[in-house]
Amino acid sequence: MADPIDFQPYLDSIGRHYTEWWNLGTLTDISNSQSPLFDFEQTVQLVKPKQSVGEASIQEAPKLLTLQQLWEDSIRAREHVLLIGRPGAGKSTVLKRLLVYASEQARQDPLLQDTQTKIPVLVELELYPTHRRSDSGILDLIEDFLVNNECPLDISSIRRLIAANRLLLLIDGVNELPKDALTDLRTFQRKPLSIVFTTRDSDQGGLDYIKQKLELQPLSSTEVQRFIQERMPGQNGEKLKELSDRIRDLGETPLVIWMLYQVFQQTGDVPETLGEALREFTKRYERNCKAGKVITVARDLLKHLAFEMMHSEKPTDFRLVISEEDAIEVFRQFLEREQTLEPKQKAREYLENLLNHHLLQKKGKNQIGFCHQLLQEYYAAERLLEMLQQKHPDLVDDKRFQHYYLNYLKWTEAIALMLGLADVTKSQAKQLIELALATDLMLGARLVREINIGSQPDAIADVMYKLASIAPEEPIWLKLKILQKIGTKAVINYLIPLLDYPDDYISRHAYLTLMLIDSKVIPEQCRFIRDLRKYQDILKSVTETSETGEVPILHPQTVEELVLELLKAMEDLDFGACCIAVEASEKVGSETIISALLAVLSPSKSHSYNRQQVEHLCRLAAYYLRMLSLKENVAKVLDENHLQELVQVLEHSDVWIRWRVAFTLWNVASKQVIPLLLPKLNHKILDVSFSAALVLGKFGCQEAVSGLIQIMDYENLNKHPDPWEISYVAAYALGQVETNKAAKFLPELISLISKPLGENAFRAIAAIQSRCGFYNYEIYRQTQEMRELESEEGSFIKKIYQDIDRAIYQIQDNRELRQKDSEDRLTIDIVGQLLSLNYEAAHDTKIGGHVDLVVKKDDFKWLGEAKIYRDNTCLWEGFQQLVTRYSTGDSNQNHGGLIIYIFQENAKSIMDNWQIYLMSKELPDYVCKPCEMRDLAFTSSHRHESSGKPFYVRHMPVILHFAPKDKSGRRRKNRS
């Protein structure tokens, strides 16, 4: 047996480094003070899902927990807890405070003699390694944190601690994890570990399964006033009211309050938007740093660094850390463009200065990052604005901006901050909102929040118009979600009528949203307030009873009646005892109980009772199985035989039983059930395949996606016992699929929003978007095609174009000799030059017609059509020949070219007009971009009519205009 590990040095290190949690954020250095920022009393609230259709409910007052209560009531008692909070809400700070709480508890038992003692470990996902030392980047982060705090354990020792459930993992920043690393995270989600996760959004990281979801609440008005009175005594009352109102508008989070306070102290003014607050805040930051002789180009360097870190190998990922050498290279490139002397040396000096003065901070070995993600997003926003002002093609071209920025989730906050900067004009903001709404409805709503308050009413009207186009019925729950997403004073008049809405979920959340915006506008006589008062005594009674544990799962009399029925129906009295054990909930999960329940459901079981009795008995058994599956220790006693029996019951004749068993499998099954379920996806009974898809979806099986999508449609579930719950679980499962396979169903899910289960379809959309990192699948697919265009489909295609360009250049060099050449003569010369380079090239080959130019490589054929330019109609005819007559659009014929012989002047104008003309034809999925290899050329793609796949065309001019103005040149032209 291994010697016990003494964690005392580790716990002492935590005490030294984390007890003064307020000094851990480098933003405090602005104040040049070692006192705490301010010990805000933060609270969390339990996030409750919407109740099933038809489920009875009463209005509930939200229960808030302090951080101490969070530790005592939630974290110590549960395996997994999810802490949700908006940017700057203090999620990381809360985890560090919990780290201190937990380490103080563990100090009493540093050798882990008590089986309940757990050692807390902070896991910061922003540091997730690009190159793992072990098979898990999260294990590497755990090892790093232990080593950095005087506990040098190896990976095998850490694995043993995890297996024994002796660690409390505080996993910070699920939204910061690269998409590829989510699989690593998921393996930890399935372990019986105590874990607290933090994230900006519960849809991110596949965390929807966690029942204990807690949301960090905005600071109360009392806390805001306490801060103002303590930090700014004697200030002008009118200005303090303005500051208090702006804090409420921009978000009552510790970071926002601290920034506004700092700006107010320096300028006496209160910024109107979060973007402007960050701008003023960082300017003050930079001024303080300049006192330490930091470079005057600090802002420019930070903008370019932030923008670079928003990019990664995958277009959906971004980086919160970057190596020092990579940062130096970003600085060097910028300084070189600015013609700075010794740019690389200066880049190193500037990085050192920025690190010394806390504009940047070290994050791990030889890595750096911004001291808060929100600041990185702000500097990226400033760079986006700069690109907009410089008329960069990516920002002034709507399609490119939509494809490269708007559609990716990682850019949303940066774009929102950009919208809040005063330099963005009203027309630019309107255009951007329209583009966002064309991308995704909720994205548009999110960005409306950031524009000038005077422009918001018109923008909200545009959002509602878009809602009507997507869901003509305008479901009230979706309207509420949109209003919550906007969350400014401009939505008050939309929310007040919802307080009288008969659905308690709608009226309750309308009330909570108005409380966050401005509680004074809530009418005293609205239905929600009346109901809340009416049920106060009931709520008090229910709360007291539930806290003392006096409410059983079922009423005692009901339990007794059920057990008596089972005792009468079964000859084996032990079965009745098993059911009593289930209700007692003390000795449940034994193999005996499960085997007894499965025996009742077995198709081979013979009963001496009538059919109605047997059906009732089987339903009870299925019911108790599902109840048992909710117990934490049940999965441990399940063996392969139990799983096989459960899978067999999925084919039971009673649909009610099938789904209860499906939920049982969902709760207890491990990956070993996958091969048992895969064959059932094609079961002749559609309902059986749905059940299998639901369970397989838990494990992210791609094969289950089609079935899960069908589950989201109410028309396929209208005969089921609880279609809302089934589709709710299916929505979560769709978010587990690890590739973009589920993403291609986003348009279909959007079409289901208006149907009875539309809210779960909406939930599935959000889960898929979070998993994939983009909003709109069609736009993403087109972007991938654009990226293929940028790479020009690999080296072979690129080589063809390089050599065709060389052939064109040679023809152009002697254009005075080409004035009477025919189309065929010119094309044959290009073919000849390609043949001399050992291409398999030919002219006038028969492929669906007589193709002007064909280049072959194995089975691949590049097809070219040549035209002498007369007008755009002539070019359109040639284009049609290429894409509808010659090419199939299959993978061996998905590239071609249009060679345009131009004898007229101004080839650029001709090519520009041809590009506009082509765009006006509205080809399906049409995409166009400049060619990086040759300025006058451009590339396009569209959906091929025959194959339905993208077909790529490079449009290449051959400049043959020859009109010399000198005398000898004119004579030479006449001779030719």
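In which sense do strand 14 and strand 15 pair, and over how many bridges? In this predicted model, strand 14 and strand 15, the latter covering residues 860–868, run in the antiparallel sense and are joined over 5 bridges. One place to see this pairing is Lys856, which stands opposite Lys861 in strand 15. The two strands form a hairpin with 2 residues between them, and in the turn Asp858 has a positive phi of about 55°. Strand 14, which spans residues 853–857, also pairs with strand 11, made of residues 840–842, again in the antiparallel sense and over 3 bridges. Here the bridge partner of Ala842 is Val854 in strand 14. As background, strands of a sheet pair through backbone hydrogen bonds, and they may do so in a parallel or an antiparallel way.

Another sheet lies earlier in the sequence. There, 3 strands form an open sheet in the order 8-10-9, with antiparallel pairing. Its edge strands are strand 8, at 322–323, and strand 9, at 360–362, each of which pairs on one side only. Strand 8 meets strand 10, which holds residues 367–370, over 2 bridges in the antiparallel sense, and within this part of the sheet Ile322 stands opposite Ile368 of strand 10. Two helices pack on this sheet. Helix 11, formed by residues 298–309, touches strand 8, strand 9 and strand 10, and its direction makes about 105° with that of strand 10. Helix 13, formed by residues 343–356, touches strand 9 and strand 10, and its direction makes about 85° with that of strand 9.

We can turn next from the backbone to charged side chains. A search of the whole structure finds 37 salt bridges, and a few of them show how such pairs can be placed along the chain. Asp12 forms a salt bridge with Arg107, with 2.9 Å between the closest N and O atoms. This pair links distant parts of the chain, since Asp12 belongs to helix 1 (residues 8–18) while Arg107 lies in the loop between helix 3 (91–106) and strand 4 (119–124), 95 residues apart. Asp12 is partly exposed, with a relative accessible area of 26%, and Arg107 also counts as partly exposed, at 33% relative accessibility.

A second salt bridge brings together the side chains of Asp713 and Lys755, at 3.6 Å from N to O. Because Asp713 lies in the loop between helix 34 (705–711) and helix 35 (723–734), and Lys755 in the loop between helix 36 (746–751) and helix 37 (758–772), the pair ties together parts that are 42 residues apart in sequence. Asp713 is buried, with a relative accessible area of 15%, whereas Lys755 counts as partly exposed at 29%.

What separates Lys799 and Asp803 within helix 39? These two residues, whose side chains meet in a salt bridge of 2.7 Å from N to O, are separated by about one helical turn, because they are 4 residues apart in helix 39, which covers residues 794–813. Lys799 counts as partly exposed at 39% relative accessibility, while Asp803 counts as buried at 3%. Salt bridges can also share partners, and in this way Glu276, Arg279, Arg299, Glu382 and Asp423 are joined into one network.

Note on methods:
Residues numbered from 1 in each chain as written. Predicted model: local features only at pLDDT ≥ 70, side-chain atom pairs only at ≥ 80, totals over all residues. Heavy atoms only, no water. Pairing = 2+ DSSP bridges. Contact = heavy atoms within 4.5 Å. Axes fitted to C-alpha atoms, helices over the stretch in contact; angles between N-to-C directions. Salt bridge = Lys/Arg side-chain N within 4 Å of Asp/Glu carboxyl O. Buried < 20%, exposed > 50% of the residue type's maximum accessible area, 1.4 Å probe, protein only.
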